[in-house]
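User: I'm new to reading protein models and I'd like to zoom in on one part instead of skimming everything. Could you walk me through it slowly?

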Amino acid sequence: MDPHCFLEKRFWSHVTKTPDGCWLWNGAKDRHGYGKFLTNSPLAHRIAYLLVKGEIPNGLELLHGCDNPPCINPDHLSPGTHKENLAEAGKKGRMGPKTRKLSQSDVDRIRQRYLAGDLAPRIAADYRIHSRHVTRLVRGDRWSRGYQPPKDFDRIALSRQPHFGENHPHHRFTEGQVREMRAKYRAGNSSLVLIAQEFNTDPTSVRRIVKGTAWSHLKVGC
Ligand SMILES: [Zn+2]
(Lines give C-alpha, C1' and ligand atoms only; values in the text may rest on other atoms or scores of the structure.)
Protein backbone atom coordinates (compact mmCIF):
# COMPACT_ATOMS: atom_id res chain seq x y z
CA MET A 1 0.00 0.00 0.00
CA ASP A 2 1.14 3.52 -0.76
CA PRO A 3 2.66 4.82 2.53
CA HIS A 4 0.73 8.05 2.14
CA CYS A 5 -2.57 6.12 1.95
CA PHE A 6 -1.57 3.99 4.90
CA LEU A 7 -0.92 7.04 7.06
CA GLU A 8 -4.11 8.69 5.94
CA LYS A 9 -6.19 5.63 6.83
CA ARG A 10 -4.44 5.39 10.18
CA PHE A 11 -5.13 9.05 10.79
CA TRP A 12 -8.89 8.75 10.22
CA SER A 13 -9.07 5.64 12.41
CA HIS A 14 -8.57 7.94 15.45
CA VAL A 15 -11.93 9.66 14.99
CA THR A 16 -15.12 9.15 16.97
CA LYS A 17 -18.11 11.02 15.58
CA THR A 18 -20.62 12.53 17.99
CA PRO A 19 -24.33 13.16 17.31
CA ASP A 20 -23.73 16.92 17.29
CA GLY A 21 -21.38 16.62 14.32
CA CYS A 22 -18.01 16.82 16.06
CA TRP A 23 -15.31 14.37 15.01
CA LEU A 24 -13.47 13.77 18.27
CA TRP A 25 -9.82 12.77 18.19
CA ASN A 26 -9.48 9.70 20.39
CA GLY A 27 -5.68 9.45 20.13
CA ALA A 28 -3.05 11.44 22.07
CA LYS A 29 -3.79 15.08 22.95
CA ASP A 30 -1.65 18.02 23.96
CA ARG A 31 -2.19 19.97 27.18
CA HIS A 32 -4.77 22.19 25.52
CA GLY A 33 -6.83 19.20 24.44
CA TYR A 34 -5.86 19.34 20.75
CA GLY A 35 -5.32 16.01 19.01
CA LYS A 36 -1.75 14.88 18.31
CA PHE A 37 -0.98 12.43 15.51
CA LEU A 38 2.73 11.78 14.95
CA THR A 39 5.47 13.21 17.18
CA ASN A 40 6.53 15.95 14.78
CA SER A 41 3.40 16.32 12.71
CA PRO A 42 1.04 19.30 12.88
CA LEU A 43 -1.86 19.00 15.32
CA ALA A 44 -4.60 16.59 14.26
CA HIS A 45 -7.22 19.22 13.47
CA ARG A 46 -4.76 20.97 11.15
CA ILE A 47 -4.01 17.68 9.36
CA ALA A 48 -7.73 16.99 8.94
CA TYR A 49 -8.23 20.45 7.47
CA LEU A 50 -5.32 19.96 5.06
CA LEU A 51 -6.60 16.58 3.92
CA VAL A 52 -10.17 17.69 3.36
CA LYS A 53 -10.11 21.41 2.59
CA GLY A 54 -6.52 22.03 1.49
CA GLU A 55 -3.84 24.54 2.45
CA ILE A 56 -4.24 26.65 5.57
CA PRO A 57 -3.40 30.27 4.69
CA ASN A 58 0.05 31.31 5.91
CA GLY A 59 0.47 31.83 9.63
CA LEU A 60 -3.19 31.35 10.47
CA GLU A 61 -4.65 29.23 13.22
CA LEU A 62 -7.78 27.17 12.81
CA LEU A 63 -10.67 28.36 14.94
CA HIS A 64 -13.07 25.80 16.35
CA GLY A 65 -16.61 26.99 15.63
CA CYS A 66 -17.79 24.25 18.01
CA ASP A 67 -15.46 25.31 20.87
CA ASN A 68 -14.34 21.72 21.17
CA PRO A 69 -10.51 21.44 21.00
CA PRO A 70 -10.34 17.66 20.29
CA CYS A 71 -12.77 18.05 17.35
CA ILE A 72 -11.12 17.69 13.92
CA ASN A 73 -14.20 18.06 11.71
CA PRO A 74 -12.95 20.44 8.98
CA ASP A 75 -16.45 21.90 8.70
CA HIS A 76 -16.09 23.11 12.30
CA LEU A 77 -12.77 24.82 11.59
CA SER A 78 -12.06 28.16 9.98
CA PRO A 79 -8.72 29.92 9.47
CA GLY A 80 -8.18 32.98 11.63
CA THR A 81 -5.40 34.89 13.39
CA HIS A 82 -4.25 34.11 16.92
CA LYS A 83 -5.94 37.32 18.05
CA GLU A 84 -9.23 36.24 16.49
CA ASN A 85 -8.85 32.85 18.13
CA LEU A 86 -8.51 34.49 21.55
CA ALA A 87 -11.40 36.85 20.88
CA GLU A 88 -13.54 33.93 19.77
CA ALA A 89 -12.73 31.99 22.92
CA GLY A 90 -13.64 35.04 24.98
CA LYS A 91 -17.13 35.35 23.56
CA LYS A 92 -18.23 31.72 23.63
CA GLY A 93 -21.88 31.24 22.90
CA ARG A 94 -22.33 34.41 20.88
CA MET A 95 -24.29 33.75 17.73
CA GLY A 96 -23.24 34.57 14.19
CA PRO A 97 -19.83 35.02 12.60
CA LYS A 98 -17.96 38.22 13.27
CA THR A 99 -17.86 40.53 10.26
CA ARG A 100 -14.35 41.34 9.20
CA LYS A 101 -13.06 44.43 7.52
CA LEU A 102 -11.87 43.61 4.02
CA SER A 103 -8.76 44.93 2.32
CA GLN A 104 -8.45 45.70 -1.39
CA SER A 105 -6.57 42.43 -1.91
CA ASP A 106 -9.33 40.50 -0.09
CA VAL A 107 -11.86 42.09 -2.42
CA ASP A 108 -9.79 41.22 -5.51
CA ARG A 109 -9.41 37.65 -4.37
CA ILE A 110 -13.13 37.30 -3.55
CA ARG A 111 -14.06 38.52 -7.06
CA GLN A 112 -11.50 36.22 -8.66
CA ARG A 113 -12.75 33.18 -6.80
CA TYR A 114 -16.40 33.87 -7.54
CA LEU A 115 -15.75 34.42 -11.25
CA ALA A 116 -13.64 31.24 -11.34
CA GLY A 117 -16.69 29.28 -10.23
CA ASP A 118 -16.50 29.18 -6.44
CA LEU A 119 -19.81 29.57 -4.60
CA ALA A 120 -20.69 32.74 -2.67
CA PRO A 121 -21.51 30.98 0.64
CA ARG A 122 -18.17 29.21 0.62
CA ILE A 123 -16.21 32.38 -0.11
CA ALA A 124 -18.26 34.26 2.47
CA ALA A 125 -17.42 31.67 5.13
CA ASP A 126 -13.69 32.06 4.47
CA TYR A 127 -13.87 35.84 4.90
CA ARG A 128 -16.55 35.77 7.59
CA ILE A 129 -18.85 37.99 5.64
CA HIS A 130 -22.41 37.53 4.45
CA SER A 131 -22.74 35.74 1.10
CA ARG A 132 -24.84 38.65 -0.19
CA HIS A 133 -21.80 40.83 0.34
CA VAL A 134 -19.82 38.57 -2.00
CA THR A 135 -22.25 39.04 -4.87
CA ARG A 136 -22.44 42.79 -4.21
CA LEU A 137 -18.67 42.97 -4.54
CA VAL A 138 -18.66 41.00 -7.81
CA ARG A 139 -21.49 43.09 -9.21
CA GLY A 140 -19.52 46.20 -8.30
CA ASP A 141 -21.99 47.70 -5.82
CA ARG A 142 -19.14 48.05 -3.33
CA TRP A 143 -15.43 48.78 -3.76
CA SER A 144 -16.20 49.79 -7.32
CA ARG A 145 -13.30 52.19 -7.98
CA GLY A 146 -11.15 50.80 -10.80
CA TYR A 147 -13.28 47.70 -11.07
CA GLN A 148 -14.99 46.56 -14.25
CA PRO A 149 -17.91 44.29 -13.30
CA PRO A 150 -18.68 41.39 -15.65
CA LYS A 151 -21.36 42.37 -18.21
CA ASP A 152 -23.12 39.03 -17.84
CA PHE A 153 -23.21 39.10 -14.05
CA ASP A 154 -26.88 38.11 -13.79
CA ARG A 155 -26.37 35.05 -15.95
CA ILE A 156 -23.33 34.05 -13.88
CA ALA A 157 -25.21 34.56 -10.62
CA LEU A 158 -28.12 32.49 -11.90
CA SER A 159 -25.91 29.65 -13.01
CA ARG A 160 -24.59 29.43 -9.45
CA GLN A 161 -28.02 28.52 -8.10
CA PRO A 162 -28.15 24.80 -7.26
CA HIS A 163 -29.87 22.73 -9.95
CA PHE A 164 -30.19 25.66 -12.31
CA GLY A 165 -29.85 24.75 -16.01
CA GLU A 166 -27.03 22.36 -15.43
CA ASN A 167 -26.52 19.64 -17.99
CA HIS A 168 -23.23 18.41 -16.60
CA PRO A 169 -23.59 18.48 -12.83
CA HIS A 170 -19.92 17.84 -12.10
CA HIS A 171 -18.83 20.83 -14.17
CA ARG A 172 -20.13 23.26 -11.63
CA PHE A 173 -17.82 22.09 -8.87
CA THR A 174 -14.56 23.74 -8.06
CA GLU A 175 -11.36 21.75 -7.78
CA GLY A 176 -11.47 22.25 -4.01
CA GLN A 177 -14.97 20.80 -3.81
CA VAL A 178 -13.93 17.77 -5.85
CA ARG A 179 -11.02 17.16 -3.49
CA GLU A 180 -13.35 17.62 -0.52
CA MET A 181 -15.86 15.09 -1.86
CA ARG A 182 -13.14 12.54 -2.48
CA ALA A 183 -11.57 13.04 0.93
CA LYS A 184 -14.95 12.69 2.66
CA TYR A 185 -15.70 9.54 0.71
CA ARG A 186 -12.26 8.06 1.42
CA ALA A 187 -12.53 8.89 5.11
CA GLY A 188 -15.61 6.67 5.16
CA ASN A 189 -17.53 9.30 7.11
CA SER A 190 -20.09 9.99 4.41
CA SER A 191 -22.10 7.94 1.94
CA LEU A 192 -22.58 8.95 -1.70
CA VAL A 193 -26.09 10.07 -0.78
CA LEU A 194 -24.94 12.28 2.11
CA ILE A 195 -22.16 13.83 0.03
CA ALA A 196 -24.64 14.44 -2.80
CA GLN A 197 -27.01 16.21 -0.39
CA GLU A 198 -24.23 18.36 0.98
CA PHE A 199 -23.08 19.46 -2.48
CA ASN A 200 -26.55 19.85 -3.94
CA THR A 201 -26.13 17.16 -6.53
CA ASP A 202 -27.08 13.55 -7.18
CA PRO A 203 -25.31 10.40 -5.93
CA THR A 204 -24.45 9.30 -9.50
CA SER A 205 -22.44 12.47 -10.08
CA VAL A 206 -20.71 12.00 -6.75
CA ARG A 207 -19.85 8.42 -7.64
CA ARG A 208 -18.33 9.56 -10.94
CA ILE A 209 -16.26 12.13 -9.10
CA VAL A 210 -15.02 9.90 -6.26
CA LYS A 211 -14.25 7.02 -8.63
CA GLY A 212 -12.38 9.35 -10.94
CA THR A 213 -14.61 8.91 -14.01
CA ALA A 214 -15.38 12.61 -13.78
CA TRP A 215 -12.57 15.05 -13.01
CA SER A 216 -10.08 12.34 -13.98
CA HIS A 217 -7.38 14.97 -14.55
CA LEU A 218 -7.39 15.45 -10.77
CA LYS A 219 -5.68 12.35 -9.44
CA VAL A 220 -7.84 10.19 -7.15
CA GLY A 221 -6.02 9.51 -3.87
CA CYS A 222 -6.18 6.46 -1.66
ZN1 LIG B 1 -16.72 20.11 16.31
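Which residue with a positive phi follows helix 4? Please take a close look at that helix and then show me how it compares with others in the chain.

Analyst: That residue is Gly 117, and its phi is near 115°. Keep in mind that this is a predicted model.

Let's back up and look at helix 4 itself. It covers residues 104–115, which makes 12 residues. From its first C-alpha to its last it reaches 17 Å, close to the 16 Å expected at 1.5 Å a residue.

Now, who is tucked away and who is out in the open? In helix 4, the buried residues are Ile 110, Arg 111, Arg 113 and Tyr 114. If you look down the axis of helix 4, those buried residues fall within an arc of 165°, so they line one face of the helix. A handy rule helps here: an α-helix has 3.6 residues a turn, so residues three or four places apart point the same way. On the other side of helix 4 you'll find Gln 104, Ser 105, Gln 112 and Leu 115, which are exposed. As for what the buried residues lean on, they pack against helix 5 (120–127) and helix 6 (131–139).

For a comparison, try helix 10. Here Ser 205, Val 206, Ile 209 and Val 210 are buried. Those four cover an arc of only 125° around the axis, which puts them on the same side of helix 10. The partners of the buried residues in helix 10 are helix 8 and helix 9 (192–198). There is a glycine here as well: Gly 212, just after helix 10, takes a positive phi of about 90°.

The meeting of helix 8 and helix 10 is worth a pause. Helix 8 spans residues 175–187 and helix 10 spans residues 203–211; their axes come within 9 Å and cross at roughly 85°. The two helices are therefore roughly perpendicular to each other. On the helix 8 side, Val 178, Met 181, Arg 182 and Tyr 185 take part, and they meet Val 206, Ile 209 and Val 210 from helix 10. Sort the residues of this contact by type and you get six nonpolar, no polar and one charged.

You can also try the buried-or-exposed idea on single residues. Ile 47 sits in helix 2 (residues 44–52). It is buried, because 21 other C-beta atoms lie within 10 Å and the cut-off for buried is 20 or more. Setting aside neighbours within four places in sequence, Ile 47 is in contact with Phe 11, Phe 37, Ser 41 and Pro 42. Take Phe 11: it is 36 residues from Ile 47 along the chain, yet their C-alpha atoms are separated by 8.8 Å.

Lys 17, in strand 1 (residues 15–17), goes the other way. Lys 17 counts as exposed because it has 12 C-beta neighbours inside 10 Å. Leaving out residues up to four places away in sequence, Lys 17 touches Trp 23 and Asn 189.

Finally, here's the whole chain for context. It has 10 helices and four strands, and of its 222 residues, 28% count as buried. Among contacts between residues at least 6 apart in sequence, 47% join residues at least 24 apart.

Terms used:
Residues are numbered from 1 along each chain as its sequence is written. This is a predicted model: local features need pLDDT of at least 70, side-chain atom pairs count only at pLDDT 80 or more; totals for chains, interfaces and linings use all residues. The expected span of a helix is 1.5 Å times one less than its number of residues. The arc is that of the directions from the helix axis to the C-beta atoms. Two residues are in contact if their C-beta atoms, placed from the backbone, lie within 7 Å. Axes are lines fitted to C-alpha atoms, for helices over the stretch in contact, and angles run from 0 to 180 degrees between N-to-C directions. Angles under 35 degrees count as roughly parallel, over 145 as roughly antiparallel, 65 to 115 as roughly perpendicular and the rest as oblique. Ala, Val, Leu, Ile, Met, Phe, Trp, Tyr, Cys and Pro count as nonpolar, Asp, Glu, Lys and Arg as charged, and the others, Gly among them, as polar.
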